[in-house]
Amino acid sequence: GTQVVVGHSGSGKTSLALRLARDNGFFGRRKTGVIVIVPDDDLNVFGNDPVVEFHRHGIPVQTVGSAAEMETALQRLSGFDQIIIDTPALPRDARGIKEATTRLRSVLSPVVPSQVVMVVDATSALEDTDMSAFRHAAISPDALCITRMDEVARPGRVAEWMRETARPVNVLGCGRT
């Protein structure tokens, strides 16, 4: 299957993708590859180059910026059992989310993802993340990954927010993931 990891800047998307790709216990002993969707403009650049991180750990990685490049990357990873797709940071406003997810849907058009996971930093994104924006987005998360729970002073607020999202939580982590 294919996991697509989305979220805001600094939420832990790349850390989660890296951890999942390296963890034999999560996917079994399956062969896992990574595809990184590159930002389409200079305003949405990666803080750190995620490709370097994946290479550092010996994980096969492809970068794409269009549907045609996605098709080529999928052909190169055709022998892999699991593919994780790391995406550029999502904006926080509803209009930005709609535009960004429309581009993602276009780039992802050759892929049938098994799951879209939204990574949310519990310390900073709870007040700023309006999950209702995803009702009108081109892609919507199937599940959540809540990171940095160990740094939240009031976990009850996190529980309220998770209930509002009406999405299952697949990963609840301390630290980045």
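## Helix α4 and its two sides

Let's start with the outward-looking side of helix α4 in this predicted model. A68, Q75 and R76 are exposed there. The helix itself covers residues 67-76, and M70, A73 and L74 are its buried residues. Looking down the axis of α4, you'd find those buried residues within an arc of 100 degrees, so they line one face of the helix. That fits a general rule: an α-helix has 3.6 residues a turn, so residues three or four places apart point the same way.

What sits on top of the buried residues of α4? The cover includes strands β2, β3 and β4, along with helix α5.

## Q62, a partner for R76

Next up is Q62, which you can find in strand β3, residues 61-64. Is Q62 buried or exposed? Its relative accessibility is 17%, and the cut-off for buried is under 20%, so Q62 counts as buried.

The side chain of Q62 has a polar contact, at 2.8 Å, with the side chain of R76. R76 is one of the exposed residues of α4, so here a buried residue, Q62 at 17%, is paired with an exposed one. Leaving aside residues up to four places away in sequence, Q62 touches V34, I35, V36, A73, R76 and L77. Two of these names should ring a bell from α4: A73 is buried, while R76 is exposed.

## T87 and D49, two loop residues

T87 belongs to the loop that links β4 (82-86) to α5 (94-107). How accessible is T87? Its relative accessibility is 0%, so T87 counts as buried. The side chain of T87 also reaches the backbone oxygen of V5, at 2.6 Å. Along the sequence T87 and V36 are 51 residues apart, yet their C-alpha atoms are 6.1 Å apart in space.

D49 also sits in a loop, this one between β2 (32-37) and α3 (50-56). D49 is partly exposed, and its relative accessible area is 43%. V36 turns up again here: D49 and V36 are 13 residues apart in sequence, with 10.0 Å between their C-alpha atoms.

## An unusual angle and a charge over a ring

What is unusual about the phi of R148? R148 isn't a glycine, but its phi is positive, at about 60 degrees. In general, most residues other than glycine have a negative phi. You'll find R148 in the loop between β6 (143-147) and α6 (155-165).

Now for the rings. K31 lies over the face of F80, at 4.6 Å from the ring centre. How many aromatic pairs are there? The count is zero.

## The whole chain

Time to zoom out. The protein chain has six helices and seven strands. If you walk along from the N terminus, the order is β-α-α-β-α-β-α-β-α-β-β-α-β.

The chain is 177 residues long, and 47% of them count as buried. It exposes about 9000 Å², with carbon and sulfur atoms supplying 46% of that area. Among contacts with a separation of 6 or more, 81% are between residues 24 or more positions apart. T87 and V36 gave you a taste of sequence distance versus space, being 51 residues apart in sequence and 6.1 Å apart from C-alpha to C-alpha.

Methods: Residues numbered from 1 in each chain as written. Predicted model: local features only at pLDDT ≥ 70, side-chain atom pairs only at ≥ 80, totals over all residues. Heavy atoms only, no water. Helix = DSSP H or I, 4+ residues; strand = E, 2+ residues; numbered from the N terminus. Buried < 20%, exposed > 50% of the residue type's maximum accessible area, 1.4 Å probe, protein only. Contact = heavy atoms within 4.5 Å. Areas by Shrake-Rupley, 256 points an atom, 1.4 Å probe, with all protein chains shown as cover. Phe/Tyr/Trp six-rings, centres within 6.5 Å; stacked < 30°, edge-to-face > 60°. Lys NZ or Arg CZ within 6 Å of the ring centre and 35° of its normal. Polar contact = N/O pair within 3.5 Å; in protein donor to acceptor, adjacent residues only side chain to side chain. Arc of directions from axis to C-beta.
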